[in-house]
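Let's take a walk through this structure together, one piece at a time. Have the view open beside you and rotate along as we go.

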Amino acid sequence: MRVLVACEYSGTVRDAFVRAGHYAMSCDLLPTEQPGLHYQGDIRDVLTDGWDLMIAHPPCTYLCSSGLHWNKRRPERAQMTLDALEFVQLLLDAPIPKIALENPIGAISTQIRKPDQTVQPYQFGHDASKATCLWLKNLPLLQPTQEILPRMIDGSPRWGNQTDSGQNKLPPSKDRWKIRSTTYLGIAEAMALQWG
């Protein structure tokens, strides 16, 4: 298959598809962090180049629930959310037979449509919790591959990336957004094996 991985700089999903025997290219405004086929530029430049499948990871800064509260405090952010939703719709409407778009819970669910599925890293072999919504076109639901059980704290499940109170352990840093936005390898491999 010819696979386009939109808005990916890490190479994680791209490389999973390459290992599974597919022609895969990532595309992002940022350079790739791993050697491999990567177009550094606007996804619109390559969106109509005859792809069979696109896995899209649009930036979540102005889309995810955790940041939407800022739209009331900083009116310029509300327009950025509208622009981000327009970009998501462009990706969902791309002339590609099979599409999976992933993003956290947020504005896409309320402004475009509900996701087809929500997955967690702990369903794919990682001791981590991070709800990831999937909007699918002509693709089956992603099937979990390896369930990791949580530790229990006062009756509540907690995974390795969480404090006992349920907050993410990752401290503030200039790269926190990049670290948090990278797709977990187990999810990328499941996408490549089940959708490739």
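A good place to begin is helix α1, where Thr12, Val13, Arg14, Asp15, Ala16 and Phe17 are buried. Bear in mind that you are looking at a predicted model. Six of the eight residues of α1 are buried, so this helix is largely enclosed by the rest of the structure. What do the buried residues of α1 pack against? Their partners are β1, β2, β3, β4 and α7. Helix α1, spanning residues 12-19, lies across β1, β2, β3 and β4 and runs at about 175° to β2. Just after α1 comes Gly21, which takes a positive phi of about 95°.

Now turn to the sheet itself. Seven strands make up an open sheet with mixed pairing, and their order is β3-β2-β1-β4-β5-β7-β6. β3 (38-40) and β6 (117-119) stand at the edges with a single partner strand each, so one side of each has no neighbour in the sheet. From one strand to the next, the twist averages 20°.

Let's stop at β4 and look at its two partners. With β1, β4 pairs in the parallel sense over four bridges. Here Leu4 stands opposite Met54, and Val5 stands opposite Ile55. β4 and β5 also run parallel, joined by four bridges, and Lys98 in β5 is the bridge partner of Leu53.

Which way do the side chains of β4 point? Leu53 and Ile55 point one way from the strand, Met54 and Ala56 point the other way, and all are buried. Met54 is worth a closer look. Setting aside neighbours within four places in sequence, Met54 is in contact with Leu4, Ala6, Leu47, Leu91, Ala94, Ile96, Lys98, Ile99 and Ala100.

That brings us to the nonpolar interior. In soluble globular proteins, nonpolar side chains tend to be buried together. In this model the largest nonpolar core has 26 residues, and those with the most contacts inside it are Leu4, Ile43, Leu47, Met54, Leu91, Ile96 and Leu101. At least two residues of this core come from each of β1 (2-6), β2 (23-28), β4 (53-56), α4 (75-92), β5 (98-103), α5 (107-111) and β7 (132-137). Helix α4 gives the most, with six residues. Apart from this core lies another, of 21 residues, which includes Ala100, Val119, Ile187 and Ala188.

Follow α4 next. This helix packs on the sheet, where α4 touches β4, β5 and β7, and its direction makes about 155° with that of β5. Within α4 you will find Leu85. Is Leu85 buried or exposed? Its relative accessible area is 9%, and the cut-off for buried is under 20%, so Leu85 counts as buried. Neighbours within four places in sequence aside, the contacts of Leu85 are Leu63, Ala107, Ile108, Gln111 and Ile112. Leu85 and Ser109 are 24 residues apart along the chain, and their C-alpha atoms are separated by 10 Å.

Helix α7 (185-195) already appeared as a partner of α1. Its buried residues are Gly186, Ile187, Ala188, Ala190, Met191, Ala192 and Trp195. They pack against α1, β4, β5, β6 and β7.

Finally, let's look at the spaces in the model. How many cavities of 30 Å³ or more are there? The count comes to one, with about 90 Å³ of space in it. Its lining is made by Glu102, Val119, Pro121, Lys130, Thr132, Leu134, Ser181, Thr183, Tyr184, Ile187 and Met191. The elements that supply two or more of these lining residues are β7 and α7.

There are pockets to consider as well. The largest pocket has a volume of about 1500 Å³. It is lined by 49 residues, and of these Pro58, Pro59, Cys60, Thr61 and Ser181 are the closest to its centre. Two or more lining residues come from each of β2, α2 (65-68), α4, β5 and α6 (176-181). Helix α4 provides the largest share of that lining, six residues, just as α4 gives the most to the largest nonpolar core.

Terms used. Residues are numbered from 1 along each chain as its sequence is written. This is a predicted model: local features need pLDDT of at least 70, side-chain atom pairs count only at pLDDT 80 or more; totals for chains, interfaces and linings use all residues. Side-chain values use heavy atoms; hydrogens and water are left out. A nonpolar core is a set of buried Ala, Val, Leu, Ile, Met, Phe, Trp, Tyr and Cys residues joined through side-chain atoms within 4.5 Å. Buried means under 20% relative accessible area, exposed over 50%, partly exposed in between (1.4 Å probe, protein chains only). Contact means heavy atoms within 4.5 Å. Two strands pair if DSSP finds at least two bridges between them. Axes are lines fitted to C-alpha atoms, for helices over the stretch in contact, and angles run from 0 to 180 degrees between N-to-C directions. On a 1 Å grid over the protein atoms alone, a cavity is a set of points where a 1.4 Å probe fits but cannot get out, and a pocket is an open set with protein on both sides within 12 Å along at least five of seven lines; lining residues have an atom within 4 Å of a point. Grid points are joined across faces, edges and corners, and a volume is the space filled by probe spheres set on the points.
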